[in-house]
Amino acid sequence: GLSRARRLVQCRHARITLSDPMPMQVDGEPWQQPAAVLEVGYRGAALMLRRLDSAPLARMAAAVSEALDACQAKALISPAQRHAVTTELAAHLHNIL
């Protein structure tokens, strides 16, 4: 295995062709990948989560997330709209927290 990752290239899109089975790992989850063509693409920035130190803030964040989930389940907002609202909230709260 690797003790640390090695950057091979930087791009917006990559096609990786595996002609033989190969061990893989993503987010700590290993598996044996059979021969395949893997398409990897850039989808924009990802939201990063962190533990809130305050119990009231953690409860508020959970309530907001549950409300957004409910709105999406009822088709009141789309997944893209949920992502946009979450991104905007994170940006505004970043300076406060």
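The exercises below deal with salt bridges, cysteines and a surface patch in a predicted model.

Residues are numbered from 1 along each chain as its sequence is written, and side-chain values use heavy atoms, with hydrogens and water left out. Because the model is predicted, local features need pLDDT of at least 70 and side-chain atom pairs count only at pLDDT 80 or more, while totals for chains, interfaces and linings use all residues.

**Exercise 1.** State how many salt bridges there are, and describe the one formed by arginine 15.

Step 1. A salt bridge is a side-chain nitrogen of Lys or Arg within 4 Å of a carboxyl oxygen of Asp or Glu. By this rule there are 2 salt bridges.

Step 2. Arginine 15 pairs with glutamate 39, at 2.6 Å from N to O.

Step 3. Arginine 15 belongs to strand β1 (residues 13–18) and glutamate 39 to strand β4 (residues 36–41), so distant parts of the chain, 24 residues apart, are linked. Strands (E, at least two residues) and helices (H or I, at least four) are DSSP runs, numbered from the N terminus.

Step 4. Residues are called buried under 20% relative accessible area, exposed over 50%, and partly exposed in between (1.4 Å probe, protein chains only). Arginine 15 is exposed because its value is 58%; glutamate 39, at 44%, is partly exposed.

**Exercise 2.** Find the partner of aspartate 69 and say where the two residues lie.

Step 1. The side chain of aspartate 69 meets that of arginine 82 in a salt bridge of 2.7 Å, N to O.

Step 2. Aspartate 69 is in helix α1 and arginine 82 in helix α2, so the bridge ties together parts 13 residues apart in sequence.

Step 3. Aspartate 69 is partly exposed at 40%, whereas arginine 82 counts as buried because its relative accessibility is 17%.

**Exercise 3.** Count the disulfides and classify cysteine 11 and cysteine 71 by accessibility.

Step 1. A disulfide is a pair of cysteine sulfur atoms within 2.5 Å. The count is 0.

Step 2. Cysteine 11 has 44% relative accessibility and is partly exposed. Cysteine 71, at 27%, is also partly exposed.

**Exercise 4.** List the members of the nonpolar surface patch and place valine 85.

Step 1. Patches are made of residues with over 30% relative accessible area and no salt bridge; like charges are joined within 9 Å, and nonpolar side chains (Val, Leu, Ile, Met, Phe, Trp, Tyr) within 5 Å.

Step 2. The members are Leu57, Met60, Val64, Val85, Leu89, Leu93 and Ile96, with about 540 Å² of accessible area together (Shrake-Rupley method, 1.4 Å probe; for residues, only the protein chains shown count as cover). Helices α1 (55–73) and α2 (79–94) each give two or more residues to this patch.

Step 3. Valine 85 lies in helix α2 and is partly exposed, at 37%.
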